[in-house]
Amino acid sequence: MEVLTRDLFTCQMCTRSEYRTNLLVCDHIKPHRGDETLFWDMSNLQCVCKSCHDKHKQRDEQGSLHMRGVWD
Ligand SMILES: [Zn+2]
């Protein structure tokens, strides 16, 4: 929720504002893989809408075309 307010309820991927908070999710920029520091690091969190989040996930699951996030 803190991340959603910080990012002004705007998806950081498609920059669309979304006021229906149930359509927004907090996404970890770097996968935390159980690392608590990364998990709670506000700078590692971004607000994204559900459709971007799903695309993002799909891309991750497609394997290792990109070693690092394309958002860097
Ligand atoms: Zn989006």
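Here are some numbered notes on this predicted model, going from the overall layout to single residues.

1. Confidence. The mean pLDDT over the protein chain is 85, and 82% of the residues score at least 70. Strand β2 (residues 45–49) comes out highest, with a mean of 95, while helix α3 (residues 50–61) comes out lowest, with a mean of 81. As a general caution, coordinates should not be read in detail where pLDDT is low.

2. Layout. The protein chain has three helices and two strands, and reading from the N terminus the order is α-β-α-β-α. Of the contacts with a separation of 6 or more, 52% join residues 24 or more positions apart. Burial is a smaller part of the story: of the 72 residues in the protein chain, 12% are buried.

3. The strand pair. Strand β1 (residues 24–28) pairs with β2 in the antiparallel sense, over five bridges. If you want a register marker, take D27, which stands opposite Q46 in β2.

4. How covered is β2? Mostly covered, since five of its five residues count as buried. The side chains split by direction: L45, C47 and C49 point one way, with Q46 and V48 pointing the other way. Both sets are buried, Q46 included.

5. The core. Which residues make up the largest nonpolar core? There are six in all: C11, L24, C47, V48, C49 and C52. β2 gives the largest share of this core, three residues. L24 is worth clicking on, as its contacts beyond four places in sequence include C47 and C49, both core members. The same list for L24 also holds L4, F9 and E18.

6. V3 in the first helix. V3 sits in helix α1 (residues 2–6). V3 counts as partly exposed because it has 17 C-beta neighbours inside 10 Å, under the 20 that would make it buried. Leaving out residues up to four places away in sequence, V3 touches C26, M42, L45, Q46 and C47; L45, Q46 and C47 are among the buried residues of β2. V3 and V25 are 22 residues apart in sequence, with their C-alpha atoms 9.3 Å apart.

7. H28 on β1. H28 belongs to strand β1. Is H28 buried, exposed or partly exposed? It is partly exposed, because 14 other C-beta atoms lie within 10 Å. Beyond four places in sequence, H28 touches N44 and L45. H28 and C47 are 19 residues apart along the chain, and the C-alpha to C-alpha distance is 9.0 Å.

8. L38 and helix α2. L38 lies in helix α2 (residues 36–40). With 16 other C-beta atoms within 10 Å, L38 is partly exposed. K30, H32 and N44 are its contacts once residues up to four places away in sequence are set aside. N44 therefore turns up in the contact lists of L38 and H28, where a contact means C-beta atoms within 7 Å. The C-alpha atoms of L38 and H28 are separated by 8.3 Å, and the two residues are ten apart along the chain.

9. Two positive phi values. Most residues other than glycine have a negative phi. What, then, is the phi of F9? It is about 55°, a positive value, although F9 is not a glycine. T15 also has a positive phi, near 55°, and is likewise a residue other than glycine. I'd look at this pair when going through the backbone. F9 is in the loop between α1 and β1, and so is T15. Their surroundings are another matter: F9 is partly exposed, with 17 C-beta neighbours inside 10 Å, whereas T15 is exposed, with 8 other C-beta atoms within 10 Å.

10. L8 in that loop. L8 is placed in the loop between α1 and β1 as well. Why does L8 count as exposed? Because it has 8 C-beta neighbours inside 10 Å, and 12 or fewer is the cut-off for exposed. L8 and E18 are ten residues apart in sequence and 8.9 Å apart in space, C-alpha to C-alpha. E18 has come up already, as one of the residues touched by L24.

How values were computed: Residues numbered from 1 in each chain as written. Predicted model: local features only at pLDDT ≥ 70, side-chain atom pairs only at ≥ 80, totals over all residues. Helix = DSSP H or I, 4+ residues; strand = E, 2+ residues; numbered from the N terminus. Contact = placed C-beta atoms within 7 Å. pLDDT = per-residue confidence, 0-100. Pairing = 2+ DSSP bridges. Core = buried A, V, L, I, M, F, W, Y, C linked by C-beta atoms within 7 Å.
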